[in-house]
Amino acid sequence: MASFPCASAALITTLKLQPQFKTHPPTSLPIEKSQSISLQKSNYFTDLDPKNLDFRETISLTKQMTELDSSFYFPLLQECLDRTSFLDAQVIHGHAIKTGAHQDVFLMSFLVNVYAKCGRMEAARKVFDKMPRRNVVGWTTLMVGYVQKMQPENAIYVFQEMLYAGSYPSNYTLAVAVSACTSMRSVKLGNQFHAYIIKYQIDFDTSICNALCSLYSKCGKLKLALSAFRRIKEKNVVSWTAAISACGDNGDPMTGLRLFVDMLSEDTQPNELTLSSVLSQCCEIPLLELGTQVHSLCAKLGYQSNLRIRNSLLYLYLKCGCIDEAQILFSGMDDVSLVSWNAMIAGHAQMMELTKDNISACHYGIEALKLFSELHRFGMKPDLFTFSSALCVCSRMVALEQGEQIHAQAIKIGFLSEVVVGSSLINMYNKCGSIERASKAFLEMSTRTMISWTSMITAFSQHGWSQQALELFEDMKLTGVRPNAVTFVGVLSACRHAGMINAALTYFEIMQKEYKIMPVMDHYVCLVDLFVKFGRLDEAFNMIKKMDFEPSEYILSNLVAGCRSHGNQELGFQAAEQLLSHKPKDIETYLLLLDMYHSVERFEDVSRVKKIMKQEKVGKLNDWSWISIKETVYSFKPNDKEFPQSSLVYESLKVLIFKAKNLGYEMLETMEISEEDKEEEEKITSTSIYHSEKLAITFGLENLPSSSPIRVVKSTLMCRDSHDFVKYVSTLTGREIIIKDSKRLHKFVNGQCSCGDFGVLF
């Protein structure tokens with residue numbers, strides 16, 4: 001067997017010795033193979049076989065014996081190992097000392113292993129130090145114990161002791177040493193071991209290369225990990241799994257899946273870890289077709305009931321949007337772990353973001369909250385990831401009441417101090433329009449990270465609390481928390497709401513020069529909006545020209561709307577042409593352009609826009625709104641009469657319109673496009689009396705207590721007419737009205753909106 005030299009200066013100088021080992025100087029004990037001690041046995045003890053006796057009975061009888069062969073203790077210690085019973089092992093250890101069996105190096109090596117597996121490394125070390133002779137098994141066993149006990153530095157020190165003692169490491173010893181380097185995330189030390197392994201020409205050994213592959217993978221060196229894997233002469237399932245997992249852990253799932261195919265072609269049967277890793281990599285790409293084939297292979301190999309595999313399959317189907325398949329799999333699970341529940345809740349939350357249909361999004365949100373409730377009924381205790389996903393759902397649904405209930409549960413269980421939960425609460429209360437409670441949740445956080453500060457700054461700015469947002473940003477800097485790009489989006493947004501152009505430009509400069517943060521699209525959106533809001537259109541255009549990338553559809557749409565609002569047709573048409581060159585996909589963008597061109601009777605441009613819409617297959621504007629009352633969701637569409645109490649709602653809406661007109665409200669025409677309109681190239685306008693959000697708000701006024709805010713979710717941007725109307729309604733009723741449209745949150749209080757009247761379609 002290849003061996004290390006007795007000492008390695010390069011290796012030793014890399015390490016810092018642990019204090020507990022300073023009392024154990026390196027020793028030079030004889031390393032020749034030990035001789036078992038032969039003890040005279042009485043006839044009574046000769047016939048005693050521990051395999052045929054009860055464990056407790058055997059220990060009890062053992063205490064009465066004074067002479068036993070060392071081989072008698074092995075099955076007893078094995079039983080202690082199986083039971084992880086440290087106390088029983090101590091009893092047997094004491095008796096072995098009494099009979100003199102402790103002189104057997106193999107027995108004591110095994111005892112070191114038992115103590116190590118029981119997590120008692122101090123006891124294991126004491127046994128090891130008192131061994132009259134030490135073989136490579138003893139040294140390696142002690143190293144394994146330290147690695148498993150998450151004390152890899154101690155394992156490396158034991159390896160050094162072994163070298164000083166003149167003992168020869170086995171291939172497995174070297175693999176354990178490399179594993180210790182992996183636990184330490186020390187690629188530098190691992191490289192030293194690798195150099196010795198190459199020097200003694202054992203870099204083809206399966207156990208060593210498996211450990212090297214894992215080391216380089218955990219240290220982000222995928223190329224070296226795969227190189228170690230390819231050196232293995234006899235690859236086993238552990239080798240393949242290590243290489244496949246390395247690809248997944250280092251962002252190269254395609255290579256990992258190719259290795260899996262190679263593994264199958266070489267007739268190596270995967271285990272549950274292999275299959276779990278492969279399924280995770282199918283999620284990353286995602287590859288549903290391959291994932292379903294792996295699912296079939298799991299069933300063929302008998303892993304269909306394995307919890308790890310089922311959770312991986314669950315993630316695959318949820319990531320690929322196959323919610324029904326995931327539900328079938330989840331319902332068929334006999335042993336459902338919290339991981340499974342979290343996956344289902346997070347999967348439904350993800351579907352809310354992926355679907356373009358607000359009604360479907362609402363359905364997925366309701367299912368997610370039902371799962372959260374069922375989790376409690378099944379006796380499961382949610383963790384911080386469960387709370388985070390559930391609060392995310394409440395944010396998306398503007399479901400304040402449900403969010404408050406989840407908040408109460410988080411307090412009860414004791415997760416309120418967790419940063420993830422605290423940040424999720426801030427986001428939930430913000431999205432539900434309760435900035436006061438968001439602020440309270442922030443103040444109650446015991447620890448605040450950059451994400452927490454950024455969430456609160458953003459919340460203040462979205463609600464028009466610009467001064468509070470900027471003051472909080474200064475507090476953040478004083479605490480030493482470094483802002484990121486998202487933080488500055490919140491700061492610039494606060495300046496936009498307050499009309500602070502000079503302050504915004506100052507912060508923009510600080511972001512780049514002091515914090516070395518390169519501006520992204522969202523930063524320019526805030527600045528361009530700010531210039532447009534105050535009619536400084538030339539400066540808005542100049543800002544766009546300074547960008548290092550093409551302007552987005554959103555920023556150009558805002559520019560077109562601003563030019564039209566301020567009566568600058570020339571710049572408006574210039575921005576419109578630039579917008580059309582991007583071939584936008586958003587129907588609201590085309591409505592804006594059609595309305596602008598039609599207002600100045602440029603009918604050729606109207607026809608051109610409609611032709612582009614047809615070429616780009618732009619669909620109809622699906623205007624939906626919904627409101628949740630007593631855990632029931634009511635949805636509305638324009639001119640809808642299929643909902644409950646429709647006659648009452650229409651009559652009440654007419655009364656509201658009449659009262660609003662008396663206060664100065666004037667109806668505005670808006671653009672609507674039907675399928676027939678696109679074919680015939682004709683413009684249709686609507687006075688928007690019965691837009692979906694108007695119906696939803698009126699329904700809420702009729703069915704919610706007078707003290708309750710009205711919370712509505714809308715699938716599209718609010719139009720100018722509806723926005724003006726809701727401001728008057730908030731004044732007439734004295735109610736707080738919160739509308740979350742496709743772009744932002746609008747909070748109407750006493751005739752004012754948090755968006756500053758600049759967050760509407762046209």
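## A walk through a helical chain

V398 is buried, with a relative accessible area of 7%; here buried means under 20% relative accessible area, exposed over 50% and partly exposed in between, using a 1.4 Å probe and protein chains only. This is a predicted model, in which local features need pLDDT of at least 70 and side-chain atom pairs count only at pLDDT 80 or more, while totals for chains, interfaces and linings use all residues. Residues are numbered from 1 along each chain as its sequence is written, and side-chain values use heavy atoms, with hydrogens and water left out.

**The chain as a whole**

The chain holds 39 helices and 8 strands. These are DSSP runs numbered from the N terminus, with helices being H or I of at least four residues and strands E of at least two. Of the chain's 762 residues, 52% count as buried. Let us turn to contacts, meaning heavy atoms within 4.5 Å. Among those between residues at least 6 apart in sequence, 67% join residues at least 24 apart.

**Unusual backbone spots**

Most residues other than glycine have a negative phi, and most peptide bonds are trans. Two residues here have a positive phi without being glycine, and you can compare them below.

| Residue | Phi | Loop | Relative accessibility |
|---|---|---|---|
| Q201 | about 55° | between α11 and α12 (206-218) | 61%, exposed |
| V398 | about 55° | between α22 (384-397) and α23 (400-413) | 7%, buried |

A third spot to look at is the peptide bond from I285 to P286, which is cis, with omega near -15°. P286 sits in the loop between α16 (272-284) and α17 (288-300).

**The nonpolar cores**

In soluble globular proteins, nonpolar side chains tend to be buried together. A nonpolar core is a set of buried Ala, Val, Leu, Ile, Met, Phe, Trp, Tyr and Cys residues joined through side-chain atoms within 4.5 Å. The largest one in this chain has 201 residues, and M456, L559, L593 and Y597 touch the most other members. Leaving aside neighbours within four places in sequence, M456 is in contact with I426, I435, A438, S439, F442 and L472. Apart from this core lies another, of 28 residues, with A696, I697, I737 and C755 among them.

**Two helices side by side**

How do α31 and α32 meet? The axes of α31 (residues 537-545) and α32 (residues 553-565) come within 11 Å and cross at roughly 165°. Axes are lines fitted to C-alpha atoms, for helices over the stretch in contact, and angles run from 0 to 180 degrees between N-to-C directions. That angle makes α31 roughly antiparallel to α32, a label for angles over 145 degrees. L537, A540, F541 and I544 of α31 make the contact with L559, G562 and C563 of α32. By class, this contact has 6 nonpolar, 1 polar and no charged residues.

**Two buried residues up close**

L579 lies in helix α33 (residues 569-581) and is buried, with a relative accessible area of 0%. Not counting neighbours within four places in sequence, L579 is in contact with E553, L556, S557, V560, P584, T589 and L593. L579 and L593 are 14 residues apart along the chain, and their C-alpha atoms are separated by 9.2 Å.

H194 belongs to helix α11 (residues 187-199). Is H194 buried or exposed? At 16% relative accessibility, H194 counts as buried. Beyond residues up to four places away in sequence, H194 touches L212 and Y216.

Terms used:
Parallel < 35°, antiparallel > 145°, perpendicular 65-115°, else oblique. Nonpolar A, V, L, I, M, F, W, Y, C, P; charged D, E, K, R; others polar.
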